[in-house]
Amino acid sequence: METLELPSPPKVGMVSLGCPKALVDSERILTKLRSDGYQMSPDYAGADVVLVNTCGFLDSAKEESLSAIGEAIAENGRVIVTGCMGKEAELIRARFPEVLAITGAAQYEDVVGAVHVAAPIPPSAYLNLVPDAGLKLTPRHYSYLKISEGCNHRCAFCIIPSLRGDLVSRRPDAIMREAEKLVAAGTKELLVISQDTSAYGVDLKHAAWPWKGGEVRAHMTDLARELGKLGAWVRLHYVYPYPHVDRVIPLMADGLVLPYLDIPFQHASPKVLKAMKRPANEAKVLERIRGWREICPDIAIRSTFIVGFPGETEEDFAYLLDWLDEAQLDRVGAFRFEPVGGAAANGLPGVVPEEVKEERYARFMEKTAAISAAKLAAKVGRTLDIIIDAVDPEGGATGRSKADAPEIDGEVHLRDAGHLAQGDIVKVIIEDADEHDLFGVPAAR
């Protein structure tokens, strides 16, 4: 009997930098390449071509991206650049003339086409294999679900609209189909991401599409409600506090959506917010946070802030610290302001000296760490649902509560947990806490 020798498909390596939105882009690119017959390489040595998905949000991120391109060229030599730094093709080519191709953010067809040119695939019906849910760069039990591209805001410190364009929402039925496939393939937690989740569907005029014998509107509240019916945890990221956000809180109280809101407040001083050109900065946010907690006492609110924005006075900063005392946010991150090429904020007066910026950053982190420690200490003695991310051979495990998103928030460290598996959702008795993490034991085997 004649044996069939399959041609060996080219192998693609991927370096993915930046935010979860870029990670979703990387997953889509790899899924398409795998369905075209390419294999994936976990290292430089085995790859016929290496893709570097870059981040261009801050100068420090650009430097990291350029360093990654340099490393890929040194280790492999055949490199295609994609992602947010694709807008700066001349800069990349000047530094690395040997780069094979450069494409921008979310330009899936262009980057896949560049791979086909750089490493053509032998024709074979046996090579086109890909799972229904696509290829993922996250563990099997959680998945990022991107609901839109781009952003309509023009915040003074941000260049994302120039990198990714204005808001373009996906159809809600397409999002639901993707979510169903992910859950069927083992996803226990869906992390909803975009540049502005609250604005989802504005460009589609919040129209409705047929879904499961009924219909689903292109609107954050309706989409969240439908996603909540799939049986997985649903976590909302990048939510601006528009008035309609209030309508999502009852869904959290009812258990359809995780009691978690990721709201990038960026500051609290009205003067600084105005200079930042932030949307919804007139909202009575503290009042609304109190209202949310009345409806859903367990709601966890995470946010990010910028310290040292041009024109920020000591008075503005003191206002922010007082605001944090009132707001009692559960999870907080901070950035020291840094100018980004092309951002409107670069020309603003009142540049804050670096040493003042550092001193304010330290005071900010001290304040938020104390708030976090107190909030976590209040959970000691409670029994919480925990999703397991990893189990170690010594019988310990690491997981997250409903208040913790992967990578950016805290963790829950478990003892006597060797019987658990990644992706399990278990009841855990919380025994201890520190500034960032919880410690506990499974409630029952």
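The legends below describe close-up views of a predicted model.

**View 1. Five strands form an open parallel sheet.**
The strands are arranged in the order 2-1-3-4-5. Strand 2 (39-40) and strand 5 (101-102) stand at the edges with a single partner strand each, so one side of each is left without a neighbour in the sheet. Two bridges join strand 1 (residues 11-16) to strand 2 in the parallel sense. Within this pairing, Gln39 of strand 2 is the bridge partner of Lys11.

**View 2. Helix 1 and helix 4 pack on the sheet.**
Helix 1 (residues 20-35) touches strand 1, strand 2, strand 3 (49-54) and strand 4 (79-83). The direction of helix 1 makes about 175° with that of strand 1. Helix 4 (residues 108-118) touches strand 1, strand 3, strand 4 and strand 5. For helix 4, an angle of about 175° is formed with the direction of strand 4.

**View 3. Helix 12 comprises residues 354-377.**
With 24 residues at 1.5 Å a residue, helix 12 should span 34 Å, and its end C-alpha atoms are indeed 34 Å apart. The buried residues of helix 12 are Lys357, Arg360, Tyr361, Phe364, Thr368, Ala369, Ile371, Ser372 and Leu376. The elements that cover these buried residues include strand 14 (300-307), helix 11 (314-327), strand 15 (331-336), strand 19 (425-433) and strand 20 (438-442). Arg360, one of the buried residues of helix 12, also belongs to a network of salt bridges that links Glu312, Glu314, Glu359, Arg360 and Arg363.

**View 4. Asp173 and Arg171 form a salt bridge.**
The closest N and O atoms of the pair are 2.6 Å apart. Asp173 has a relative accessible area of 4% and is buried, whereas Arg171, with 40%, is partly exposed. The whole structure contains 33 salt bridges.

**View 5. Arg217 forms a salt bridge with Asp222.**
Here the closest N and O atoms are separated by 3.1 Å. Arg217 is partly exposed, at 31% relative accessibility, while Asp222 counts as buried, at 17%.

**View 6. A salt bridge joins the side chains of Asp385 and Lys402.**
The N to O distance is 3.5 Å. Asp385 belongs to strand 16 (residues 383-391) and Lys402 to the loop between strand 17 (397-401) and strand 18 (412-414), so the pair ties together parts that are 17 residues apart in sequence. Asp385 is partly exposed, with a relative accessible area of 22%. Lys402 also counts as partly exposed, at 30% relative accessibility.

Definitions and conventions
Residues are numbered from 1 along each chain as its sequence is written. This is a predicted model: local features need pLDDT of at least 70, side-chain atom pairs count only at pLDDT 80 or more; totals for chains, interfaces and linings use all residues. Side-chain values use heavy atoms; hydrogens and water are left out. Two strands pair if DSSP finds at least two bridges between them. Helices (H or I, at least four residues) and strands (E, at least two) are DSSP runs, numbered from the N terminus. Contact means heavy atoms within 4.5 Å. Axes are lines fitted to C-alpha atoms, for helices over the stretch in contact, and angles run from 0 to 180 degrees between N-to-C directions. The expected span of a helix is 1.5 Å times one less than its number of residues. Buried means under 20% relative accessible area, exposed over 50%, partly exposed in between (1.4 Å probe, protein chains only). A salt bridge is a side-chain nitrogen of Lys or Arg within 4 Å of a carboxyl oxygen of Asp or Glu.
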